[in-house]
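Here's a quick tour for anyone meeting this fold cold. Have a look at the structure below, then read on.

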Amino acid sequence: MYKIFIKPLLFLMNPERAHYFTFSCLKWVLKLPGMKGLFGNLFCSKDARLETVVAGIRFPNRIGLAAGLDKDAKMVDEFAVLGFGFVEIGTLTPLPQPGNDRPRLFRLPEDAALINRMGFNNEGVKAAAERLRCRKSDIIVGGNIGKNKITANENAGDDYEKCFLELYNVVDYFVVNVSSPNTPGLRELQEKEPLKRLLIRLQKLNAVLEVKSQKTEVKSHPDGYRELEVKSKKAMGSRKPIFLKIAPDLTNTQLDEIIEVVNESGIDGIVATNTTISRDKLQTPNDKVNAIGAGGLSGKPLTHRSTEVIRYLHQKSGGKITIIGVGGIHSAEDAKEKLDAGASLVQLYTGFIYEGPALVKKINKKLLGN
Ligand SMILES: Cc1cc2nc3c(=O)[nH]c(=O)nc-3n(C[C@H](O)[C@H](O)[C@H](O)COP(=O)(O)O)c2cc1C
């Protein structure tokens, strides 16, 4: 239905407009009586065998929505009825910012790919936190955080810290994004020393917030510690898992350094990968690709490289690093390959645009062996 009727219409529209149009339609349709139940039946797979615990969080299934599609946390409840096990919001920055000039999102249908140079357009972390406080579903939410374009790299830590503080009580895990190609200089933060400093700083803040939130809970709870013991980890506002999102363009030496940084900072894992700056082996004619210009490439051309990165990190770390795999998942087989390569969870973005929401259920079915 999506691929035959909806996608051809959406693909007639400008890609960014199609994105907002689809969001509004979905919001509107799901307000109609009975629609949430119908969508739930169509797209959700409820089966205890799909559940998994990663970084101390129980996920109802392994398929998540990747960062960038719901940057401002406006659609979290809607994505919950499309069968996702978790949703990653962001990248959010402390201050709202408009992002780069339009056009900044391009389709490459011959390659089942997208090129984007959005540039962290978002309404700011405070607005997203407020929305998350009012959400109705209890879907697992990851908070992907970054820095404002106007913030110099030497002050980037302040931006990440502000976002972390603002989102601490409304997300289940964090992703530190230092790998978007569309914020000038951002990827320099992937270098070993600045990255280690940044992650250790967030880990310290994480520890302080954990103690603080537990004290507040104990003080305010009538039954004190005993009752708290039986409260869920999530409700207690305990330490939040932190993941690092990396680029697929890193060399093996750089990946080795990332493993060292993850081990030395004690963060929980890696999201591999973001979009690539490479334009290798595309079917789309060169002149069309060149005319699009700068930006991150996502979708099918990324499938192999992101799986390669996942496999490398998994093998080199002796399976000790938790990995969320993302990049070019367009089929159940693609998802399975990433899980087999060492990912504990996977995320979709471009595959969701090209294949539609049925992809989530297809993957879950395959994981159930159906
Ligand atoms: C239009 C667009 C915007 C994106 N914005 C973000 C973002 O804000 N933060 C982020 O970490 N990744 C962002 N991404 C990257 C995706 O989360 C994902 O890592 C990447 O697209 C590879 O997965 P895919 O091939 O399934 O799309 C964006 C991707 C696209 C296509």
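First, a bit of vocabulary: two strands pair if DSSP finds at least two bridges between them. Helices (H or I, at least four residues) and strands (E, at least two) are DSSP runs, numbered from the N terminus. What you're looking at is a predicted model, where local features need pLDDT of at least 70 and side-chain atom pairs count only at pLDDT 80 or more, while totals for chains, interfaces and linings use all residues. Residues are numbered from 1 along each chain as its sequence is written.

**The barrel**
- Strand S10 (residues 269-272) runs parallel to strand S12 (residues 322-326), and four bridges join them.
- One of the partnerships here links Ala 272 with Gly 325 in S12.
- Both strands belong to a closed barrel of eight, in the order S3-S4-S7-S8-S9-S10-S12-S13, with parallel pairing.
- From one strand to the next, the twist averages 25°; angles run from 0 to 180 degrees between N-to-C directions, and axes are lines fitted to C-alpha atoms, for helices over the stretch in contact.

**Helices across the strands**
- Helix H11 (residues 303-316) lies across S10 and S12, at about 175° to S12; residues are in contact if their C-beta atoms, placed from the backbone, lie within 7 Å.
- Helix H6 (residues 156-167) lies across S4 (86-92), S7 (140-145) and S8 (173-177), and runs at about 160° to S7.

**The core**
- The largest nonpolar core has 85 residues, and Phe 84, Val 176, Phe 243 and Ile 270 touch the most other members.
- Such a core is a set of buried Ala, Val, Leu, Ile, Met, Phe, Trp, Tyr and Cys residues joined through C-beta atoms within 7 Å.
- A residue is buried if 20 or more other C-beta atoms lie within 10 Å of its own, exposed if 12 or fewer, and partly exposed in between, with C-beta atoms placed from the backbone.
- Leaving aside neighbours within four places in sequence, the contacts of Ile 270 include Phe 243, Leu 313 and Ile 323.

**A helix pair**
- Helices H12 (residues 332-341) and H14 (residues 358-367) pack at about 55°, with their axes 8 Å apart.
- On the H12 side, Ala 332, Ala 335 and Lys 336 make the contact, meeting Lys 362, Ile 363 and Lys 366 of H14.

**An antiparallel pair**
- Strand S6 (residues 113-116) pairs with S11 in the antiparallel sense over four bridges, and Ala 113 has Gly 299 as its bridge partner in S11.
- S11 (residues 296-299) is covered on both faces: Gly 296 and Ser 298 are buried on one side, Leu 297 and Gly 299 on the other.

Notes: Contact = placed C-beta atoms within 7 Å.
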